[in-house]
Amino acid sequence: MKKIILMTFLMAGMTIMAQPRNNKHQGNGMDQFTSEQRSELQVKKLTLELDLNESQQKEIKAFIADKNTKMEAHKTAMKAMREKGTKPTSDERFAMKSKMLDEQIAAKKRMQKILNEKQFEKWTALKEEHQGDRKGNRQGNQQGKHPKNQERRG
């Protein structure tokens, strides 16, 4: 009887542990702050990582505020589309992607003007590392997309 109870608890525990986790709401906690507070925190973080001077901090603060404003506008537009139940057409998606890439190019040029050569190299490395982390998290959270699962199925 004890063995049956023990096996039942072990099976229940293994079943619970095998369930996928919902990591959607486990972001970096920045959602709870206002856009000004987020901008301030981002500037301080960059100041620590890149050793920015006062004039660079002011320019980057304006850059980040502008970037966050554009991002919020895009989020609200996408949320409105989602609530309507409409999806962007192929041409609209292409236009959005093209606009996003143009903004990234402009942002890179702007940061290159603000930062010195050494700071810009470090900023580029930090940006690539951050993007690698995001891509890794996205792939790891999708079922069936993990490389080990691909090997078993193929």
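This is a short talk on the helices, the core and the salt bridges of one chain.

Hi everyone, and thanks for coming. Please keep in mind that what you see is a predicted model. Let's begin with the overall layout. The chain has six helices and zero strands, so to speak a plain α-α-α-α-α-α when you read along the sequence. Of its 154 residues, 15% are buried. About 13,400 Å² of the chain is exposed, with carbon and sulfur atoms supplying 55% of that area. If you take contacts between residues at least 6 apart in sequence, 52% of them join residues at least 24 apart.

Now to the inside. Which residues of the largest nonpolar core touch the most other members? They are Leu46, Ile60, Met111, Leu115 and Trp123, out of 13 residues in that core. Four helices each give two or more residues to this core: α2 (35–50), α3 (54–84), α4 (90–114) and α5 (117–141). Have a look at Trp123 in particular. Leaving aside residues up to four places away in sequence, Trp123 touches Leu46, Leu50, Lys108, Met111 and Leu115.

Two of those partners, Leu46 and Leu50, bring us to α2, where both are buried along with Arg38, Ser39, Val43 and Thr47. This helix has 16 residues and spans 22 Å from first C-alpha to last, close to the 22 Å expected. Right after α2 comes Asp51, with a positive phi near 55 degrees.

On to the charged pairs. The count is four salt bridges, and I'll walk you through some of them.

Let's stay with Arg38, whose side chain meets that of Glu72 at 3.1 Å, N to O. Arg38 belongs to α2 and Glu72 to α3, so this pair ties together parts 34 residues apart in sequence. Is Arg38 buried or exposed? Arg38 is buried, at 15% relative accessible area, while Glu72 is partly exposed at 30%.

Another bridge joins Lys61 and Glu40, with the closest N and O atoms 2.8 Å apart. Here Lys61 sits in α3 and Glu40 in α2, so parts 21 residues apart in sequence are tied together. Both ends are partly exposed, Lys61 at 39% and Glu40 at 29%.

Finally, Arg110 and Asp66 form a salt bridge at 3.8 Å, N to O. Because Arg110 lies in α4 and Asp66 in α3, this pair ties together parts that are 44 residues apart in sequence. Asp66 and Arg110 also belong to a salt-bridge network together with Lys70.

That's my tour, and I'm happy to take questions.

Technical notes. Residues numbered from 1 in each chain as written. Predicted model: local features only at pLDDT ≥ 70, side-chain atom pairs only at ≥ 80, totals over all residues. Heavy atoms only, no water. Core = buried A, V, L, I, M, F, W, Y, C linked by side-chain atoms within 4.5 Å. Buried < 20%, exposed > 50% of the residue type's maximum accessible area, 1.4 Å probe, protein only. Contact = heavy atoms within 4.5 Å. Expected span 1.5 Å × (residues − 1). Areas by Shrake-Rupley, 256 points an atom, 1.4 Å probe, with all protein chains shown as cover.
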